[in-house]
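Student: Please take a close look at the cysteines in this model and at the part of the fold around them. I would like one connected account.

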Amino acid sequence: MKTTNLGYPRIGSKRELKKALEQYWSGKINVESLLDTAKSIRKENWLLQKEQGIDLIPSNDFSLYDQVLDLSVTLGCIPERYSALTNNPAFSSHDLYFAMARGIQKEGVDITAMEMTKWFDTNYHYIVPEFTKNQTFNVSSDKIVNEYKEALELGIKTKPVLIGPVSFLLLGKEKEEDFHRIDLLERLLPAYEEILQQLSDIDAEHVQLDEPYLALNLTEKEQRAVHQTYAYFTTKFPNLKITVANYFDCFGDNIETALGLPVHTLHLDLVRCSSQLDDIIESGKLNSYTHLSLGVVDGRNIWKNDYEKSLKLIQKAIDFIGAERILIAPSCSLLHSPIDLNLETNEENLSSELKQWLAFAKQKLGEVATLKKLANKENLSENLEKLTKNSEAHANRATSALIHNQQVKQRVGALSAKDDQRESTFTTRQKLQKEALDLPLFPTTTIGSFPQTKDVRSWRANFKKGNLSIDEYNALLEKETKETIEFQERTGLDVLVHGEFERNDMVEYFGEQLNGFAFTSFGWVQSYGSRCVKPPIIFGDVSRDTPMTVKWSAFAQSLTEKPVKGMLTGPVTILQWSFVRNDQPRSETCTQIALAIRDEVVDLEAAGLQVIQIDEPAIREGLPLRKEEWDTYLNWAIRAFRISASGVKDETQIHTHMCYSEFNDIISNIADMDADVITIECSRSQMELLDVFATFKYPNEIGPGVYDIHSPRVPERAEMVALMEKAAKQIPVEQLWINPDCGLKTRHWPETREALIEMVAAARECREKSSVLA
């Protein structure tokens, strides 16, 4: 029996990669310094995994930005619009790489970034590959081989990890009509063959090919493509031990395809789907030589493994095929987990009682190694003591008074049908809101946050350290808020925001003020590129004691005659972007959060806010991977949003925001949310996401984002007008708003000012052209 790991966090235990990337992008360090930081993190990760007892340690799980982007570059899958960089000696390969991720606007070159979307049902974002009908693939990077050699110099023979060919194609998008990207497989396989040959030539023994699309509903054609791929590889490389890794759900209808693959190892996510081990045993179709990698340690949540439960699964697999064909593993890459619980020394954040229930990435490696020893009956006295302590921790959690609040449970139980309904239909509300708000055609707004400068972040840090009094801190925030309101008024925005300078993160800020949440000091997880988040831990029943946002929203409204939006994060997003308790259904926890947000919405209205935005960017990512489970999820998720939004008068305008989501297959559910205005990401997709809203005849108002805030470039007015002209061909002009794609927290003030001035000018031009656009 061996231990294996699918991937490890790459940001560094103190976010060293984030800091190096941002210094590099701002010109403060050169590329050599950036690469030195990256190498140092890889070394630390490999040595740590070896020390923790992992037998098969991954390589190529590190990325400077995104693993899907890495593979696109490695395979020469670079969109034509970047040819100005590929053929220009003034630009390096790193300039090209980051331009694909973030866009570029310098040296006379102005190119938009590639599209970005959610990685399955996680809060990680990947760069979407772009494919054309005549797409070619050429291995143009040595990254995979070089990182294998780098680990070898440390005495570690790693298991290189790549996204499998079928999943890589399915993760992408066709940029032309009349072909399906899976048809490119025959052209793609020789490129993979070249990579595998390079690894074979340097004596790599194991290779992990991630095929997470095996957790989705594949067509027969796609299932055949999977079988074709691995039959091809094993014929070419009979001595290479290939692991096909599926995670985030069962194989489901793909189980016969998976069991028929002529590969060395199949990885199973037994956290999301423990029943699939029984399915495999009962099928009797597992190849006699196939090993099973048992993903029994949760790679996506922070709760301590239940050793007794995991050992039962492991023993079942041992009884089935023998210990020598078993590998013990996390359920998926540990990319989605914080790095090290040992860094959490602040008792005010994590009490010792709560901390005993947790395990981060480093601790999860230890759990994997301990489970192997317990299953093998190694060092019995030492490991039986670990088993006893593990059982005691789980027993303590089950009975802890920290977790349960009967008043919260009773309030959820008392909910009725009217609690998730607005008083009147949208048509009635729209008329009343137009009278109350008196907004022009193509009203302009932003999504909520404004740049969090170094000064703003330092104020918060100094306040938390006690170096600033509450009065000093509030005075600084008031000044920043006042200046932001004045800027928005000068610029001509129609619905203003207060800027959110008091907030650290759109989920963490609320969690800090809700009962049932706990926080870490170093529990950072990568969201995309250099963007890291520190998800709260929902450990108990959720409730709100006092208003959370009213003070700053009401202050901002007192400074202007224009409407100011109250800014809230919705219940589904708070749920999705937290580490959620696993001792009750997620739907129950989400409803508890919805009631807390409802209380806040009602208080904002009472304080004079006529527009309230409840952000729900995570609605789409929460979908189960299998369509047959969607209705159950959508019923409780949409109801939770409606509960949060339905306590106000018809005149109060409810907005919601969603970014980087595909809406085609859930558009009716999005409409069922019944938000008065929805704002969505549209600039990277060139308004393609509006197609489904037009086809569906979406009844409410829409703000399609006209510029990409994840890129440092400033769009021209004509570019934004052209996007709105596209939008107006699909959506009636009376329903359209103009806004950026997302919040402006990560941007700098100079580019923000310039971009919003251009955006407002674009709105004025659209109003002048309104009769033509209509």
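Tutor: What follows starts with the disulfide, moves to the sheet and the loops around it, and ends with a helix pair and two backbone torsions. The model is a predicted one.

The count of disulfides comes to 1. This bond joins Cys 250 to Cys 273, with an S to S distance of 1.4 Å. The torsion about the S-S bond of Cys 250 and Cys 273 is about 70 degrees, so the disulfide is right-handed. The pair links distant parts of the chain, 23 residues apart. Cys 250 sits in the loop between β11 (241-245) and α10 (255-259), while Cys 273 sits in the loop between β12 (265-269) and α11 (275-283). Both ends are buried: Cys 250 has a relative accessible area of 15%, and Cys 273 has one of 4%.

Two further cysteines can be set beside this pair. For Cys 332, the closest cysteine sulfur is that of Cys 273, and at 14 Å it is too far for a bond, because a disulfide requires sulfur atoms within 2.5 Å. Cys 332 is buried, at 0% relative accessibility. For Cys 532, the closest cysteine sulfur belongs to Cys 742, and the 16 Å between them is again too far for a bond. Cys 532 counts as buried as well, at 5% relative accessibility.

The strands that precede the two bonded cysteines belong to a sheet. It is an open sheet of 8 strands with parallel pairing, in the order β1-β14-β13-β12-β11-β10-β8-β2. The edge strands are β1 (2-3) and β2 (58-59), each of which pairs on one side only. Within the sheet, β11 and β12 run parallel and are joined by 3 bridges. Thr 243 has Thr 265 of β12 as its bridge partner.

Further along the chain, the loop between α11 and β13 (291-297) holds Leu 286. Leu 286 is buried, with a relative accessible area of 12%. Apart from neighbours within four places in sequence, Leu 286 is in contact with Leu 259, Leu 266, Ile 280, Leu 292, Phe 320, Ile 321 and Arg 325. The C-alpha atom of Leu 286 is separated by 41 Å from that of Leu 354, which is 68 residues away along the chain.

Next comes a helix pair. Helix α8 (residues 185-201) and helix α9 (residues 220-236) pack at an angle of about 35 degrees, and their axes are 11 Å apart. The crossing of α8 past α9 is right-handed. On the α8 side the contact is made by Leu 185, Glu 186, Leu 189, Pro 190, Tyr 192, Glu 193 and Leu 196; on the α9 side by Ala 225, Gln 228, Thr 229, Tyr 232, Phe 233 and Lys 236. By class, this contact has 8 nonpolar, 2 polar and 3 charged residues.

Last are the two backbone torsions. Most residues other than glycine have a negative phi. Asn 379, which is not a glycine, has a positive phi near 45 degrees. Asn 379 lies in the loop between α14 (361-376) and α15 (380-399) and counts as partly exposed at 47% relative accessibility. Asp 438, also not a glycine, has a positive phi of about 50 degrees. Asp 438 is placed in the loop between α17 (426-437) and α18 (454-465), and at 66% relative accessibility Asp 438 is exposed.

Definitions and conventions: Residues are numbered from 1 along each chain as its sequence is written. This is a predicted model: local features need pLDDT of at least 70, side-chain atom pairs count only at pLDDT 80 or more; totals for chains, interfaces and linings use all residues. Side-chain values use heavy atoms; hydrogens and water are left out. Axes are lines fitted to C-alpha atoms, for helices over the stretch in contact, and angles run from 0 to 180 degrees between N-to-C directions. Helices (H or I, at least four residues) and strands (E, at least two) are DSSP runs, numbered from the N terminus. A crossing is left-handed if the near helix is turned anticlockwise from the far one by less than a right angle, and right-handed if clockwise. Contact means heavy atoms within 4.5 Å. Ala, Val, Leu, Ile, Met, Phe, Trp, Tyr, Cys and Pro count as nonpolar, Asp, Glu, Lys and Arg as charged, and the others, Gly among them, as polar. Buried means under 20% relative accessible area, exposed over 50%, partly exposed in between (1.4 Å probe, protein chains only). Two strands pair if DSSP finds at least two bridges between them.
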